[in-house]
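Here is a quick tour of one protein chain, meant to be read with the structure open. We start with a term, move on to the overall fold, and then settle on one helix and the loop after it.

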Amino acid sequence: PPPIEILNRQRLFKLDKKAAAKLSREVLDRIGRQEATLTISFIRDAEMRRLNREYRQIDKPTDVLSFAYHESPDNFFLEDGNAHLGDVVISVETAERYAAELGLTFDTEIHHLIIHGTLHLAGFDHETDNGEMNRLEKKLRKDLL
């Protein structure tokens, strides 16, 4: 399977890059996107706030953003036969705050965000799909975490 690229652009928290890549790959495999690849970037709140302001006109950091490279995740392939779906960007500071609020470990919250962001890049949208993405996300959490 094609590699998942992990970019760690922060130094606040220790991250298991191999585990992050493995989890994202398992999600893609489970939903029938074995040919797909993506990039996951871990950043700080200041950068996430800038991205959220620029792309969503919301002037505060958020936990995860997904940037799809194409309108439809099904209609393209790169020359090597692999589909690069896009980028998942995770703010470690917001993830840490949410983990504390939810009574989760930092790593568990990161894993939830990886699953969530990967599903978005694969074309799922919890705002328009009558709960399909949420149900799939819960099942993947149960099966993979």
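## A term to start with

Helices (H or I, at least four residues) and strands (E, at least two) are DSSP runs, and they get their numbers from the N terminus. With that numbering, Gly-123 comes after helix 4 and has a positive phi, near 105 degrees. Keep in mind that what you're looking at is a predicted model.

## The chain as a whole

The chain holds 5 helices and 4 strands. Reading from the N terminus, you go through them in the order β-α-β-α-β-β-α-α-α.

How does the radius of gyration fit with a compact globule? For 145 residues such a globule would come out near 15 Å, and the chain has 15 Å, so the two agree. The C-alpha trace spans about 40 × 35 × 35 Å along its principal axes.

## Inside, outside and charge

Of the 145 residues, 46% are buried. Look at contacts with a separation of 6 or more, and 62% of them come from residues 24 or more positions apart in the chain.

On the outside, the chain exposes about 8300 Å², with carbon and sulfur atoms supplying 48% of that. As for charge, there are 21 positive and 26 negative side chains, and the centres of these two sets sit 5 Å apart.

## Helix 4, wrapped up

Helix 4 covers residues 106-121. At 1.5 Å a residue, its 16 residues should span 22 Å, and the end C-alpha atoms are 23 Å apart, which agrees.

Is this helix enclosed or open? Buried residues make up 12 of its 16, so helix 4 is largely enclosed by the rest of the structure. Among the buried ones are Phe-106, Ile-110, Leu-113, Ile-114, Ile-115, Leu-119 and Leu-121. The list isn't just greasy side chains, either: Glu-109, His-112, His-116 and Thr-118 are in it too, along with Gly-117.

And what does the covering? The cover includes helix 1 (17-30), helix 3 (92-102) and helix 5 (132-144), plus strand 2 (36-43), strand 3 (64-68) and strand 4 (83-91).

## The loop after it

Between helix 4 and helix 5 there's a loop, and Asp-129 is found in it. Is Asp-129 buried or exposed? The cut-off for buried is under 20% relative accessible area; Asp-129 has 13%, so it counts as buried.

To get a feel for distance across the model, try Asp-129 and Phe-13: they're 116 residues apart in sequence and 34 Å apart in space, C-alpha to C-alpha.

Technical notes. Residues are numbered from 1 along each chain as its sequence is written. This is a predicted model: local features need pLDDT of at least 70, side-chain atom pairs count only at pLDDT 80 or more; totals for chains, interfaces and linings use all residues. Side-chain values use heavy atoms; hydrogens and water are left out. The radius of gyration is taken over C-alpha atoms; the globule rule is 2.2 Å times the number of residues to the power 0.38. Buried means under 20% relative accessible area, exposed over 50%, partly exposed in between (1.4 Å probe, protein chains only). Contact means heavy atoms within 4.5 Å. Accessible areas come from the Shrake-Rupley method with a 1.4 Å probe; for residues, only the protein chains shown count as cover. Lys and Arg count as positive and Asp and Glu as negative; His and the chain ends are not counted. The place of a charge is taken as NZ of Lys, CZ of Arg, CG of Asp or CD of Glu. The expected span of a helix is 1.5 Å times one less than its number of residues.
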